[in-house]
Each structure stands twice: as C-alpha cells, then as structure tokens.
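Open the model in your viewer and get ready to select residues by number. We will go stop by stop.

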Amino acid sequence: MHSLTYLPSMPMSLPIFFFLFFSVSASSSSPSSSSLPVLSPITKDVRTNQYCLSLHLKTPLKPSKLFLDLGGLFSWVDCHRHYVSSTYHHIPCNSSLCTLLSLNSCSRCYGAPSLTCANDTCATTLHNSVTGKSIFHGALLDSAALPTTDGRNPGRLALLSDFAFACSTTGLLKGLAKGVTGSAGLGWSDLSLPVQFMTGLSLPRVFALCLSGSPSAPGVGFYGSAGPYNFLPEIDLSKKLIYTPLLANPSGTVGDGNHGRPSGDYFIGVTALKVNGKAADFDPAILTVDLNGNGGTMISTVAPYTVLESSIYEALINAFIAESAGLNLTDHYPVKPFRVCFPADDVTETIVGPAVPTVDLVMQSDDVFWRIFGRNSMVRIVEEGVDVWCLGFMDGGVRPKTSIVIGAHQMEENLLQFDLGTKRLGFSSSVLVHHTMCANFNFTSNKNLK
C-alpha cells in the first residue's frame with residue numbers, strides 16, 4: 001500500500017483543487033472483481049466554455065487538470081514543462097500498445113536520452129480538438145489515479161501503474177482553458193481514459209457524465225459503474241435513464257486527426273426534431289450516416305452549442321419562433337452568434353429554465369426522445385443595453401460532415417451514461433426535473449471506501 005497525505009478539506013468554492021482535498025490512500029491496480037468504480041470532478045471554465053477533468057498523474061502523484069474531449073481516442077499531456085516523475089517509461093515500437101496508439105509509428109531522436117527524447121519508441125499524432133492543430137510526438141506509460149466511489153461519495157485513490165498517453169509540446173495547449181496541462185480522451189477506444197481504468201480495475205465498460213453549468217461547483221464523471229449515481233437530496237439518477245443505441249462512425253470526423261483510424265466519437269440515431277411536440281419540417285434523410293461517414297448525430301464536449309445542418313437549423317428556428325408566439329414571445333434583434341433572441345423581461349423563469357417551447361431529439365421511436373428545456377435551449381446574454389435570452393443552436397452550413405453535433409451547453413444538467421459493452425446511451429433529459437443538479441454530487445470523502 002502506497003500511503004499519501006493530503007491537505008485538509010477546503011470549501012467547495014475552489015473545485016479545481018478537489019483532488020488535493022481527498023484524504024485517501026492509493027491502492028494497487030491489480031485486477032480484482034471487488035474493485036470499486038472511480039470518479040473525477042468535472043469543472044467548467046467560463047472564459048472558454050470548456051470542461052476540465054481532474055486526475056492524479058506521475059510519481060509522486062500530482063493533481064492534473066485536463067481538457068475533457070469526449071471523442072478523444074487517447075489522452076495527451078504536456079511533457080515539456082514541469083513534468084517530473086520517477087516511474088515513466090517509453091513504449092517500444094512495434095508493440096501491441098503502440099499499434100493501438102499510432103498504427104506503429106516510431107520515434108527517432110538525435111539529442112540526449114530524456115523524457116521527450118528516446119530512439120525506437122512509439123510516437124503518434126496528437127490533436128487539439130479545439131484549435132484543430134496536430135503534432136507528431138512520443139508516448140509514455142506512467143502512474144495515474146482516480147478516487148474510488150460507491151456512487152455517493154469519493155473514497156481512496158485507485159492507482160494504475162501503466163496509464164498510456166501521448167506527450168505534447170507546450171504549444172499544443174494554446175486555445176485550451178488556463179491551467180490545463182493536456183487533454184483527457186474519453187472516446188470509443190481501448191486507450192481512452194475510462195477504458196484504461198475500467199480494464200485495469202476489472203470494472204464494467206460503462207461510464208457516465210453529469211456536466212455542471214456552475215463556474216464554482218463541479219459536475220462529475222463515473223467510470224466503471226452503471227449506478228448508483230446519487231445526487232443530493234438522495235436522488236439516484238441511474239434510475240431516471242432512457243436508452244438508445246450508441247452508434248459508431250467508421251470514418252473520422254473533420255479535423256479529428258485520426259488519420260485513417262476509426263472515429264472515437266459517439267453517435268446516436270436521431271430521426272426527427274420536435275418543437276412543443278410538433279415535428280420540424282426537414283428531410284430526415286439528412287440524419288442518416290452514409291458509407292463515407294457523412295451525416296448522423298454526434299455528441300461533443302468540444303462544441304459549446306449544438307450545431308445543425310442548415311436546413312435542420314432553419315426548420316428548428318421557424319418552428320421555435322412560431323411556437324414562441326403562443327407564449328407572447330416576440331423575436332428580438334439577433335445577438336451574435338445567435339439568430340433568435342427574446343427580451344429577458346418577457347421570459348418567465350421556471351425550475352427547468354426559461355419558459356420557452358421544448359425541443360425534442362427523437363430517437364428510434366416517438367416515445368424515445370431527449371427533451372431539451374429552456375435551461376439547455378436558451379443562452380442569457382447581458383451586455384451594453386442588452387438583456388436577452390437567445391436560442392443556443394448554431395448553423396453548421398450546407399453539407400457538413402456531421403448533420404447534428406450535440407454541444408456541451410445542451411449536455412449540462414443532463415446525466416449521460418455511455419455503456420460500451422451493450423453499445424447504448426442512457427440519457428436523463430434535464431435532471432432539474434428531478435429536483436437536483438449535476439453540482440449536487442457530494443464530494444465529501446468517505447475514508448471507509450477501499
């Protein structure tokens with residue numbers, strides 16, 4: 001047992017440093033059927049509207065803040081600035097692990113051997129999903145840890161001694177939130193962060209995300225558990241889920257840097273959009289995925305707001321304006337980047353946000369739909385002389401690679417469960433309906449959890 005001592009608990013107004021505040025011990029990552037699931041706090045950076053995941057990395061373990069990339073095939077970390085560890089080692093070329101990472105690319109280095117310079121070791125293409133920039137760099141194995149959980153509280157740290165990730169240069173961090181040291185890949189891949197922990201700890205291949213819109217109180221990610229997911233006041237959100245198949249796209253999406261590898265993104269089979277229960281008028285064939293991987297509906301933490309193919313977007317805003325008239329809401333002049341806005345004084349507030357028409361993403365049948373209430377469909381904009389609620393959907397243009405990209409704003413205050421074993425998505429719609437929120441997970445450490 002490797003014992004660790006941490007600082008005492010601090011107020012919840014400092015969520016970025018949560019990992020410093022768990023009083024825990026790291027346990028071995030030897031596979032065990034009795035292993036508990038693990039979790040991570042997920043914070044929102046309000047300046048960039050990006051989400052960040054925290055974990056411990058290196059030896060001795062240090063808290064690391066990584067950009068949350070839901071479709072990322074693997075994680076990457078800046079190894080050129082302040083990366084000091086006694087347990088890292090390089091991945092050999094032509095190894096099975098290198099094949100997963102890079103299609104067997106090898107690194108040659110002409111400097112002195114070091115963390116970032118080693119001959120005949122695995123190298124891969126790293127991608128910043130926000131800026132679209134890619135680089136080719138080496139890969140490492142090192143220790144990583146996340147707190148265990150019983151679905152109610154965090155517990156001790158569970159340690160993986162051989163967590164695989166790619167090394168980046170400091171320059172690749174440009175465009176990411178302040179304080180981020182890399183990117184956590186949660187995509188459909190054997191080397192994603194969730195799958196590495198689930199495999200190493202012999203846990204089920206299922207994880208769940210609940211993104212908080214609060215700038216001060218974090219949401220949470222659960223890895224290796226189909227439930228319970230307990231949120232104050234004693235609400236188990238695993239019992240509030242509706243299910244739809246998770247679909248794979250065999251082709252990489254535009255700018256994803258996959259270079260011939262299958263996409264790590266998660267797709268679902270949206271068949272129609274409804275506004276206040278009435279179908280928006282567009283050609284549903286646009287929503288299907290063709291043989292080249294074009295079309296379909298993808299879930300993304302990289303897109304701040306949901307992006308729609310132009311004809312879908314026009315159909316949505318026309319239906320939304322028409323239904324809003326019945327609520328005595330009149331379209332105000334647009335405020336960039338949005339096209340449909342209403343004066344805030346005209347909009348009534350409810351438990352699920354502004355009282356506006358609902359938007360439903362209909363799946364495999366009319367009774368399976370993801371309902372988007374005002375909290376997730378609208379964005380408040382307050383600036384010089386302007387105070388409006390705007391419809392938070394974007395026009396993605398004609399013939400985009402993906403017809404609908406469900407963005408992070410629409411994911412907030414919704415619990416999404418990604419079951420990689422059964423290939424299905426569980427979704428709650430707004431948890432506000434159940435009188436809780438994603439910031440209501442209790443991060444008080446339970447030292448009795450093993």
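## Stop 1: a serine in a loop

Select Ser238, which lies in the loop between strand S16 (235-236) and strand S17 (242-247). Helices (H or I, at least four residues) and strands (E, at least two) are DSSP runs, numbered from the N terminus. This is a predicted model, in which local features need pLDDT of at least 70 and side-chain atom pairs count only at pLDDT 80 or more, while totals for chains, interfaces and linings use all residues. Residues are numbered from 1 along each chain as its sequence is written, and side-chain values use heavy atoms, with hydrogens and water left out.

Is Ser238 buried or exposed? Ser238 counts as buried because its relative accessibility is 16%. Buried means under 20% relative accessible area, exposed means over 50%, and partly exposed is in between (1.4 Å probe, protein chains only).

Now show the side chain of Asp236. A polar contact of 2.7 Å joins it to the side chain of Ser238. A polar contact is a pair of N or O atoms within 3.5 Å; within protein, one must be able to donate a hydrogen and the other to accept it, and residues adjacent in sequence count only if both atoms are side-chain atoms.

Next, show what else touches Ser238. Leaving aside neighbours within four places in sequence, Ser238 is in contact with Ala226, Gly227, Pro228, Tyr229 and Tyr243. Contact means heavy atoms within 4.5 Å.

## Stop 2: an enclosed helix

Select helix H2, residues 193-200. Seven of its eight residues are buried, so H2 is largely enclosed by the rest of the structure. The buried ones are Leu193, Pro194, Val195, Gln196, Phe197, Met198 and Gly200.

Look at the N-terminal end of H2, which Ser192 caps. A side-chain oxygen of Ser192 lies 3.2 Å from the backbone nitrogen of Val195. After H2 comes Ser202, with a positive phi near 55°.

## Stop 3: the nonpolar cores

Select Leu70 and Phe418. They have the most contacts inside the largest nonpolar core, which has 76 residues. Helix H3 (residues 310-325) gives the largest share of this core, seven residues. A nonpolar core is a set of buried Ala, Val, Leu, Ile, Met, Phe, Trp, Tyr and Cys residues joined through side-chain atoms within 4.5 Å. In soluble globular proteins, nonpolar side chains tend to be buried together.

What is Leu70 in contact with, leaving aside its neighbours within four places in sequence? The list includes Leu186, Phe207, Tyr266, Ile299, Met411 and Phe418.

A second, separate core has 21 residues, among them Leu101, Leu126, Ala166 and Ala177.

Now select H3. Its buried residues include Ile312, Tyr313, Leu316, Ile317 and Phe320. Try a distance between its end C-alpha atoms: they are 23 Å apart, which agrees with the 22 Å that its 16 residues should span at 1.5 Å a residue. The expected span is 1.5 Å times one less than the number of residues.

## Stop 4: a strand covered on both faces

Select strand S26, residues 359-362. Val359 and Leu361 on one side and Asp360 and Val362 on the other are all buried.

Add strand S19 (residues 272-275), which runs antiparallel to S26 and is joined to it by four bridges. Lys274 stands opposite Asp360. Add strand S27 (residues 369-372) too; it pairs with S26 in the antiparallel sense, also over four bridges. Two strands pair if DSSP finds at least two bridges between them. Trp370 in S27 is the bridge partner of Leu361. S26 and S27 form a hairpin with six residues between them.

## Stop 5: charged pairs

Stay with Lys274. Its side chain meets that of Asp366 in a salt bridge (3.8 Å, N to O). Lys274 is in S19 and Asp366 is in the loop between S26 and S27, 92 residues apart. A salt bridge is a side-chain nitrogen of Lys or Arg within 4 Å of a carboxyl oxygen of Asp or Glu. By this rule the count is eleven. Lys274 is buried because its relative accessibility is 19%, whereas Asp366 is exposed at 56%.

Finish at Arg375. Glu412 forms a salt bridge with Arg375, with the closest N and O atoms 2.7 Å apart. Glu413 forms one with Arg375 as well, at 4.0 Å. Salt bridges that share partners join Lys44, Arg375, Glu412 and Glu413 into one network. Glu412 is buried, with a relative accessible area of 2%, and so is Glu413, with 5%.
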